[in-house]
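The following exchange examines one protein chain through questions and answers.

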Amino acid sequence: MSILIWIFIIALFVLSFVGLIFPIIPSVLVLWGGFLLYAFMLGSLSIWFWIGAGLLTVIILCADIIASQYFVKKYGGSKWGERMAAVGVIIGSFIYPPFGLILVPFLLVFITEFSSSKNGQHACKVAVASLIAFLSSTFAKFMIQLILIAWFMIEIIW
């Protein structure tokens, strides 16, 4: 029975990384599903793990918002540009991932910024900033998920 549970835990961890390419999959919740499955079915985890995992989860959830706002504002983007970047990530996850995740937000932000400013150079700069924001937040989420899984493995070994 424990082998089957471990298979489910590993599958949930892998699925959490798939969620980085398909944002419709809630990566953090799937990752926590693995932690909770272990805690309820196989053993316990320390209070420090749960506190640390909670804090890192908050960072993961804020990564997209923080990165998007920082980069788009830094390059003079509008609120609509930020919103279109978020919409583009959702739509792009269904259109030939992972390339749709890169192209669709870029195009939506470019069109939005160009229609409001009528300046192609400015629109391109903001669109590139939204692309950098998406890539940097995805990388940050990837690294934090790796840290959480490594911490989990250390917890169960010791």
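Q: Why are H2 and H3 described as roughly antiparallel to each other?
A: Angles over 145 degrees count as roughly antiparallel, and they run from 0 to 180 degrees between N-to-C directions, with axes as lines fitted to C-alpha atoms, for helices over the stretch in contact. Helix H2 (residues 27-41) and helix H3 (residues 47-74) have axes 11 Å apart. H2 and H3 are therefore roughly antiparallel, since they pack at an angle of about 170 degrees.

Q: Which residues in H3 are met by residues in H2?
A: This is a predicted model, in which local features need pLDDT of at least 70, side-chain atom pairs count only at pLDDT 80 or more, and totals for chains, interfaces and linings use all residues. Residues are numbered from 1 along each chain as its sequence is written, and side-chain values use heavy atoms, leaving out hydrogens and water. A contact means heavy atoms within 4.5 Å. Val 28, Trp 32, Phe 35, Leu 36 and Ala 39 in H2 meet, in H3, Phe 49, Trp 50, Ala 53, Gly 54, Thr 57, Ile 60 and Leu 61.

Q: How many helices and strands does the protein chain have?
A: Helices are DSSP runs (H or I) of at least four residues and strands (E) of at least two, numbered from the N terminus. The elements run α-α-α-α-α-α from the N terminus on. The count is six helices and zero strands.

Q: What percentage of the residues in the protein chain is buried?
A: Buried means under 20% relative accessible area, with a 1.4 Å probe and protein chains only. Of the 158 residues in the protein chain, the buried share is 37%.

How values were computed. Buried < 20%, exposed > 50% of the residue type's maximum accessible area, 1.4 Å probe, protein only. Parallel < 35°, antiparallel > 145°, perpendicular 65-115°, else oblique.
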